[in-house]
Amino acid sequence: MSMPFLWGAATSAHQVEGANEANDWYDWETAAGSPCVEPCGSACDHLHRYPSDIALLADLGLNSYRFSIEWSRIEPEPGRFSRRWLEHYRAMTERCRRCGLEPIVTFHHFTNPRWIDSWEDPDTAKRFERFAAVVAEALGEQIAAAITINEPNMPALLGYEEGLFPPGKRDRGARMRASEVFIDAHRRATATLRQAIPGTPVGLALAMADWQALPGGEDERDEIRRLREDIFLAATLGDDFVGVNTYTRHRIGPQGWLGNEPGVELTAAGYEFWPNALEGTLRRAAELTSGRPLIVTESGIATDDDQRRVAYIDGAIDAMRRVQSDGIDVRGFFYWSALDNFEWHHGFSQRFGLIGVDRATQRRTVKPSALHLGAIAKAAQFSPNTLRSSADDAEPPPAERRAS
Ligand code: FCB
């Protein structure tokens, strides 16, 4: 199977759906002493408004929508799968297709059913694999490309070493154990998805930054990058694509992270406005995966000045085109995010959306940046790039060989 170059926007279930109360994030947001500034609540009510939200994205001229499946809805208790919620997500994929959008489905985007004990437990990988199999069976060929796990490196770091995500641990050993279980889960789910939906490309999405070493900072930079990125890139061996999520750069000196450079513009998320970071991360992802197809599965900016979002989009797409012109195989660009949404422990104050959301009325406002990205997508629609699954690369069966 093949697809056009993907121009899209991304969301994740917990950040937009609302009324998600059976996962670990709900407990984390509502716990006493939580680092979260506010709970997610009704979020963007995407649960009910997905049909019109998807139509809005299609009207912009995009050809793809990346969203995630909420594991705690599908499997509220171990081994009990909800037919109703499987149908809900199947309806989302069908809605995408009817609107002309390729549905790119993420199976895990940070949240876990409350009954999952820990990502340090090797059995969690097996439970995730079982969930992935059930979803693949229900959604089947509706899925245009599957992302097993979004940024396994982030919950491993923020949840097990930095205490900001659930389960709130601060332990390097726990982080490394969780990283291993995430990698195992990715491998298992990939094998399962390949069997269940053989023509569908499967990969993971990794959080990558452009880590820039100042003189003397090279060893420190390499060590940070090894634990954050390299061990996960190594785990993508044999995948159909690698999803790259990139937001900024970081400067590293001999003593570690140097913080923002004075004078550089900051985004509303507090880090540097640096759309060009994507050039470094795409080059590195290609280098470490021997040229595997890449998809920009997330890039974006939190800002209340939509003109800066337009500038960010232009800068990021320029960076992507530079690496493409050097022969690096990039198959899609997804802006994060489709909607202003729940930005984890930062709450709703960081607005990444192409589409604004008034949380009192749930009214949507299409921002100029959304029209801008849509115009780029429309202009580029005749790009010859396609995304193939591993099945395309397999030897054709003898009958086909004879015919060709
Ligand atoms: C990424 C996450 C996504 C969102 C953006 C801003 O790390 O995948 O959910 O929070 O950052």
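This report walks through the ligand site, the pocket that holds the ligand, and a few unusual backbone spots. Please keep in mind that the structure is a predicted model.

**Around the ligand**

Let's start with the ligand and its neighbours. The residues around the ligand are Gln15, His109, Phe110, Asn150, Glu151, Tyr247, Glu298, Trp336, Glu343, Trp344 and Phe352. Sorted by class, this shell has 5 nonpolar, 3 polar and 3 charged residues.

Several of these side chains place a polar atom within reach of a ligand oxygen, and the table lists three such pairs with their distances.

| Residue | Partner | Distance |
|---|---|---|
| Glu343, side-chain N or O atom | oxygen atom of the ligand | 2.6 Å |
| His109, polar side-chain atom | oxygen atom of the ligand | 2.8 Å |
| Trp344, polar side-chain atom | oxygen atom of the ligand | 3.0 Å |

How much of the ligand does the protein bury? On its own the ligand exposes 290 Å², and the protein buries 90% of that.

**The pocket**

If you look at where the ligand sits, you will find that its space is the largest pocket. This largest pocket holds about 1200 Å³ of space. Its lining is made up of 42 residues, and those closest to the centre of the pocket are Met154, Leu158, Arg228, His250 and Tyr271. Two or more lining residues come from each of α7 (153-160), α8 (172-196), α9 (218-234) and β9 (256-257). Which element gives the most to the lining of the largest pocket? That is α9, with 6 residues. By class, the lining of the largest pocket divides into 19 nonpolar, 12 polar and 11 charged residues.

**Backbone spots to look at**

Now for the backbone, beginning with residues that also belong to the ligand shell. Glu151, one of the residues around the ligand, has a phi near 45 degrees, which is a positive value in a residue other than glycine. You can find Glu151 in the loop between β4 (145-150) and α7.

Trp336 is also among the residues around the ligand, and a cis peptide bond joins Trp336 to Ser337, with omega about 15 degrees. Ser337 itself lies in the loop between β11 (330-336) and β12 (355-358).

Another cis peptide bond runs from Pro166 to Pro167, where omega is near 10 degrees. Where is Pro167 placed? Pro167 is in the loop between α7 and α8, and α7 and α8 are among the elements that give two or more residues to the lining of the largest pocket.

Note on methods
Residues numbered from 1 in each chain as written. Predicted model: local features only at pLDDT ≥ 70, side-chain atom pairs only at ≥ 80, totals over all residues. Heavy atoms only, no water. Near = heavy atom within 4 Å. Polar contact = N/O pair within 3.5 Å; in protein donor to acceptor, adjacent residues only side chain to side chain. Areas by Shrake-Rupley, 256 points an atom, 1.4 Å probe, with all protein chains shown as cover. 1 Å grid on protein atoms, 1.4 Å probe; cavity = no way out; pocket = protein on both sides within 12 Å on 5 of 7 lines; lining within 4 Å. Sits in = over half its atoms within 2 Å of the grid points. Nonpolar A, V, L, I, M, F, W, Y, C, P; charged D, E, K, R; others polar. Points joined across faces, edges and corners; volume = space filled by probe spheres on them. Helix = DSSP H or I, 4+ residues; strand = E, 2+ residues; numbered from the N terminus.
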